[in-house]
Structure formats: C-alpha cells, structure tokens
Amino acid sequence: MLDVLHRDQVALRIHDGAFSAMDLTARHPRTGELLSTVKFMVQTLAGGGELQRDLQRELTYDGLRAAEAKGGKGGRRPAVPVAKTDAVRTAYLEGRSIAALARDHDVSRGAIRTAVADLLPEYTAADPDTPTPELPVVLDMPGKVADFLRTTELDAAERAALDQGVTVRRGQGYTLRVSAVPAVHRQFLARCQPLDGAQAFLAVPAQRKARREYENRVGMLAPNRP
C-alpha cells in the first residue's frame with residue numbers, strides 16, 4: 001500500500017493522537033527508499049492492528065463456545081413463524097406483555113414488536129383520505145409581477161417565498177425564481193389580478209403581459225386535489 005501511495009504521490013499523515021503530523025510516506029531524498037523510522041512505525045502500527053483484530057476474533061470464539069456450553073445459541077433469534085403470528089397478536093390484545101411473548105415463542109422482543117407493530121400504542125394508521133402534502137415547485141415569476149407583489153399585503157408563507165426568491169437577470173429586466181408549494185403560487189396569481197385592469201387598477205400592457213406569462217406557468221402545475 002505504501003508503494004502505491006508513493007507511486008501516486010499521495011502523502012499519508014495522522015492528524016490526531018500521538019503520531020499527529022507524521023508523514024508515513026516519507027522517503028530518503030537520495031535513495032528514494034522509505035525511511036527506516038517510518039517503516040518501523042508503519043510496521044508497528046500494522047502489527048498492533050493485526051493483534052487487536054486477532055484478539056477480538058479469539059475472544060468472540062471463546063464467548064460463543066462458553067455460551068454453547070451453557071445451552072445458548074449464537075446469532076440472531078428467529079422471527080415469529082407465520083403460523084403463530086395470529087396467536088401472538090391475539091395474546092397481545094388480551095394483555096400479554098411483549099417480553100412474555102418473546103419467552104413463550106423463543107424469539108426476540110423485536111420480533112414480537114414486528115408481529116404486533118400495527119397494534120402498538122404509538123402506531124398511527126395512515127388515513128387513505130388524507131391528501132399527500134404538496135411539494136415545493138420552482139417557477140420563474142416575471143419581475144413586474146414580483147415588484148407588484150412586494151407592494152401588496154401577503155401572508156407569512158407568501159412573504160417568505162417571495163423574499164427567498166433568486167433574481168435572474170434577463171436583459172434590462174429580471175425574473176424571480178420562486179420555490180413554493182403550488183397553493184402559494186396560485187395565491188400569488190390571485191393577488192396580482194389587478195395587473196389585468198381589475199379593481200379600478202390602471203392596467204399597463206407590460207404588466208398585463210407579465211401576469212399572463214406567470215398565469216401560464218402556474219396553469220401548468222397539477223390541479224388542486226379534492
């Protein structure tokens with residue numbers, strides 16, 4: 001590995017601990033060979049790591065043999081058999097605890113919790129009639145529409161979406177790239193209705209055109225769900 005690092009001109013340093021700031025790929029300037037002190041340090045670290053791994057393996061095997069001698073079994077405890085799932089669920093509904101059911105069926109508590117997951121107090125069944133929350137959509141709002149909306153009374157969600165918009169220059173004008181849920185875009189569109197000449201507002205052709213552009217973009221969003 002050190003030869004590969006040297007070939008690719010990659011320096012290996014330890015930044016924390018007793019060996020911090022030490023270059024473990026340093027080589028002699030004349031011979032190009034790995035410095036003897038660095039080689040010794042790398043071999044020592046590698047030998048210590050190998051010893052730790054071997055000791056962990058040996059201790060694991062010793063623990064498994066000791067558990068087997070006492071009648072224990074290693075590995076993950078099995079899941080609740082399909083044939084016994086109904087019985088487990090019935091017993092749980094009758095007041096049997098998860099720990100007791102785990103002992104009765106020789107499985108883990110997690111296996112029992114999985115079998116009765118929808119019966120647990122913290123479980124909340126999803127209501128199929130609950131609409132899926134809308135996700136934000138990015139639309140380019142013409143600058144003339146954005147300028148009008150900035151002078152209009154907006155609610156907190158609308159004001160936040162407008163303030164967080166990203167300005168994109170377009171020649172002498174600009175567009176505001178707004179990220180908001182479709183409902184907020186539709187509210188924006190409704191609020192800039194006066195740009196069409198409604199509500200005794202003096203319509204300006206450029207503003208009317210800008211609103212129509214924004215209306216077309218909002219109209220391409222998915223329709224409101226019932």
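How much area does the protein chain expose, and what share of it do carbon and sulfur atoms supply? The exposed area is about 16100 Å², and carbon and sulfur atoms supply 55% of it. The views below come from a predicted model.

**View 1. The whole chain combines 9 helices with 5 strands.** Starting at the N terminus, the elements follow the order α-β-β-α-α-α-α-β-α-α-β-β-α-α. The protein chain has 226 residues, and 26% of them count as buried. Contacts also reach along the sequence. Take those between residues at least 6 apart in sequence: 56% join residues at least 24 apart.

**View 2. The largest pocket has a volume of about 200 Å³.** Its lining draws on several stretches of the chain. Pro-142, Gly-143, Lys-144 and Asp-147 are among the lining residues. So are Arg-170, Gly-173, Tyr-174 and Thr-175. Ala-206, Lys-209, Ala-210 and Glu-213 also line the pocket. Three elements each supply at least two residues of this lining: α6 (143-150), β5 (173-180) and α9 (205-219). Helix α9 gives the most, with 4 residues. Sorted by class, the lining has 5 charged, 4 nonpolar and 3 polar residues.

**View 3. In helix α6, Asp-147 pairs with Arg-150.** Their side chains form a salt bridge, with 3.4 Å from N to O. The two residues are 3 apart, about one turn of the helix. Asp-147 is also one of the residues that line the largest pocket. Is Asp-147 buried or exposed, or partly exposed? Asp-147 counts as partly exposed because its relative accessible area is 40%. Arg-150 is partly exposed too, at 37% relative accessibility.

**View 4. In helix α9, Glu-215 meets Arg-211.** The salt bridge between these side chains spans 3.3 Å from N to O. Glu-215 and Arg-211 sit 4 residues apart in the helix, about one turn. Their accessibility classes can be read side by side. Arg-211 has a relative accessible area of 3%, so Arg-211 is buried. Glu-215 has a relative accessible area of 33%, so Glu-215 is partly exposed. Helix α9 also supplies 4 residues to the lining of the largest pocket.

**View 5. Asp-104 and Arg-96 join in a salt bridge.** The N to O distance between their side chains is 2.7 Å. Which accessibility class does Asp-104 fall into? At 46% relative accessibility, Asp-104 is partly exposed. Arg-96 is partly exposed as well, at 39%.

**View 6. Asp-106 has a positive phi.** The angle is near 55 degrees, in a residue other than glycine. Where is Asp-106 found? Asp-106 lies in the loop between α4 (98-105) and α5 (109-115). Why does Asp-106 count as exposed? Asp-106 has a relative accessible area of 51%, and exposed means over 50%.

**View 7. Four residues share a network of salt bridges.** Glu-50, Arg-53, Asp-54 and Arg-57 are linked in it. For the model, the count of salt bridges comes to 9.

Terms used
Residues numbered from 1 in each chain as written. Predicted model: local features only at pLDDT ≥ 70, side-chain atom pairs only at ≥ 80, totals over all residues. Heavy atoms only, no water. 1 Å grid on protein atoms, 1.4 Å probe; cavity = no way out; pocket = protein on both sides within 12 Å on 5 of 7 lines; lining within 4 Å. Points joined across faces, edges and corners; volume = space filled by probe spheres on them. Nonpolar A, V, L, I, M, F, W, Y, C, P; charged D, E, K, R; others polar. Buried < 20%, exposed > 50% of the residue type's maximum accessible area, 1.4 Å probe, protein only. Contact = heavy atoms within 4.5 Å. Areas by Shrake-Rupley, 256 points an atom, 1.4 Å probe, with all protein chains shown as cover.
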